Amino acid sequence: MSSVEPLLFLLGLPLAGALVLGLAGHRRFAPELNVAFSTGTFGAAAALTADVIASGPRFALQREFFIDPLNVFLVALTAFVALTTAIFSRPYMRVEQAHGKMTPRRLRLYHSMYQLFSFTMLLALTTNNMGFLWVATEAATLATVLLVSVYRTAASLEAAWKYFILCGVGIAQALFGTVLLYMAAERAGAGPEVALHWTELETIKASLDPRIMGLAFAFLFVGYGTKVGLVPVHNWLPDAHAEGPTPVSAVLSGLLLNVALYAVLRCKVLTDGALGTALAGQLMMFFGLLSVLVAAFFLSRQRDVKRMFAYSSIEHMGLITFAFGVGGAVATFAGLLHMTVHSLVKSAIFFAVGHAAQQAGTQTMSEIRGLIRSSPTVGWGLMIGSLAILGMPPFGVFASEFLILVTAMREQPWATPFLLVGLGVAFASVFQRVQPMVFGDSSFKPLPHQPALVPVFVHLGIALVLGLYVPPYLESWYREAARMVAG
């Protein structure tokens, strides 16, 4: 089988799923149908991954799509988390329907937009065209706006509007940066039909006008950085997490932020080649470190559990951005590993938080108590997930954070104290809030539908394994991707 067939299935299944669920998303079997489409998408992602591992980078559909070790690992991660989130959302959405929050019309919107959201993320990851990357990112924004606002409450509509405005402004900056990128490519001799192909740009990056590329990266970094949730363009993220359905929070933190950072990485590679300086890396280090510090101190002020973990996502994306800004083989390897374990652990936390909030009838942390007694699996899932995301050994987050800190000590020693302060404050803030939620007395009633907690412990189990042992094929995968990004 060539790479074309799994790619067509990878993109075609979620697109078909969006159409089918747009018609039947309110039916009783719609959650199972959502899982079925996500399962097929994951199977296609696995086949595409095996093809790239066996044969190396591949083009498809007249070079409009390009699959290499950097994006194929994100494709596999995206399809996997999308599948487990679809499994989690089956009982979650049925409980929401029982509570009167979801009507048949809203369920149809949720299921169809979930599949469309998966399609746009996978399109952004696999396209070879930087213009299509922008289009797919904008489409993901529009799909997410509808997902965040699905409850149709005043708070959810406000959160969706804020998300649309802020990310709309940001993506407009990215569009201008893409236009500048096209201008630089044409001046370097690229033909109009391939001037925005990333593989063509990577080949001629040393010939790109450094003045244009410096300006282009500034706009691209601000534009896509808004989607990453970097400070100071992060304000949409806590509201979107707090007011949207919990499965949306899981895919926002676990997937969308990664896709936006992937776009930044592609742009950084071109800018580094054109400028021959560390300007792009310095910008990423500064705003990454700023995000770690600001998010860490905001964590202690939160009362809503989903808002707290949204700020945790900002902190971790800042740490990953800092690692990629430092550059070099070790820091880039650590950044890729951290992207993986953060996606797995944070989505697992949101799964547990979603069921806990449904059981308590609130997202206010002071009103959620004794999960370990009312629902031991939810309580343990939240406790273990929180310890994992805070960097406790032997989970994978500890391994990646340790590598980032060691590299910072060697390459950027001035930043190490700031990183340690940010990580320390984040640990204290989250741990002191989660502990009373898990332990203590509880009078919560059981949920009307059995919660789907297998995805929680599957994600945490993989994160634990990656902290103890990275399989050789996965390690070589990371090393090859790190080589492509770091040069």
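1. Buried here means under 20% relative accessible area, exposed means over 50%, and partly exposed lies in between, with a 1.4 Å probe and protein chains only. By that criterion Cys167 is buried, with a relative accessible area of 1%, and Cys267 is buried as well, at 2%.

2. This is a predicted model, in which local features need pLDDT of at least 70 and side-chain atom pairs count only at pLDDT 80 or more, whereas totals for chains, interfaces and linings use all residues. Residues are numbered from 1 along each chain as its sequence is written, and side-chain values use heavy atoms, with hydrogens and water left out.

3. The structure holds zero disulfides, a disulfide being a pair of cysteine sulfur atoms within 2.5 Å. For Cys167 the closest cysteine sulfur is that of Cys267, 16 Å away, which is too far for a bond.

4. The chain contains 19 helices and two strands, taken as DSSP runs (H or I of at least four residues for helices, E of at least two for strands) and numbered from the N terminus. The radius of gyration, taken over C-alpha atoms, is 21 Å, close to the 23 Å of the globule rule (2.2 Å times the number of residues to the power 0.38) for 487 residues, so the chain is as compact as a globular protein of that length.

5. Of the 487 residues in the chain, 60% are buried. Among contacts (heavy atoms within 4.5 Å) with a separation of 6 or more, 81% come from residues 24 or more positions apart.
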